[in-house]
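Reader: I would like to learn how to read a sheet and its surroundings. Could you walk me through it?

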Amino acid sequence: MSQDQIKFRLFTGVRQGDRRKVGLLEGREELDTTSGIASLAGNQRRDLLSRVQRWLDGANDPKRWFHNFPDDPVCPACFVFKVGDHRFYGYLCHPLPKTNRALQVCVLCSHVLKHEWETDPAEKALVNRWFLSNEGKETLAKVFDDTPQDGKSKDSKNRKGISRWKM
């Protein structure tokens, strides 16, 4: 598949905020969040929507509903939303460091049914590949334009040496 087929779209059915957004990478078989969401019915779908909305509204808990993996050496940017045995894995990033560095985006990449306690390292590795990939970064850059309107960065003096994709 060509790079043009990878798309990012915002998660629907929730109110996206100015400080947090949730969306999905799509266009490859391994990027299966969309089909995972479609597999949910009734209360599970409602639970996922409410948990995503809770995170969008600024909550960082309860961890039984969603959490990041800040100390994980495989993928410190990884994030997960949980509904029953369903896990929706993605990564957190700040795609607008020049124009809106407070914006945090959760980019969902994969869906799995999880039956064991520990997260499969292969899932985190998949998410980390997309987090680090130029293809993922370029796809987000098409959606989130970080060009300052006046040609100058709001925080140019504070941003020296900070990578655009740093957590």
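Reader: How many bridges join β3 to strand β4, and how do the two strands run?

Author: Happy to help, and keep in mind that this is a predicted model. Three bridges link β3 with β4, which spans residues 78-83, and the two run antiparallel. To see one such bridge, find H67: its partner in β4 is V80.

Reader: What packs on the sheet, and which strands does helix α3 touch?

Author: Helix α3, residues 121-132, packs there and touches β2 (20-26), β4, β5 (86-93) and β6 (104-113). The direction of α3 makes about 30° with that of β5. Helix α4, residues 134-143, packs on the sheet too, touching β1, β2, β5 and β6. Its direction makes about 50° with that of β1.

Reader: In what order do the six strands of the open sheet lie?

Author: Reading across, the order is β1-β2-β6-β5-β4-β3, and the pairing is mixed. β1 (7-10) and β3 (66-68) are at the edges with a single partner strand each, so one side of each has no neighbour in the sheet. Ignoring direction, neighbouring strands are turned by 30° against each other on average.

Reader: Where is R64 found, and is R64 buried or exposed?

Author: Look in the loop between α2 (42-56) and β3 for R64. To judge exposure, compare the relative accessible area with the cut-off: over 50% counts as exposed. R64 has 60%, so R64 is exposed.

Reader: How far apart are R64 and F81 in space?

Author: From C-alpha to C-alpha they are 8.7 Å apart, while 17 residues separate R64 and F81 in sequence.

Technical notes. Residues are numbered from 1 along each chain as its sequence is written. This is a predicted model: local features need pLDDT of at least 70, side-chain atom pairs count only at pLDDT 80 or more; totals for chains, interfaces and linings use all residues. Side-chain values use heavy atoms; hydrogens and water are left out. Two strands pair if DSSP finds at least two bridges between them. Helices (H or I, at least four residues) and strands (E, at least two) are DSSP runs, numbered from the N terminus. Axes are lines fitted to C-alpha atoms, for helices over the stretch in contact, and angles run from 0 to 180 degrees between N-to-C directions. Contact means heavy atoms within 4.5 Å. Buried means under 20% relative accessible area, exposed over 50%, partly exposed in between (1.4 Å probe, protein chains only).
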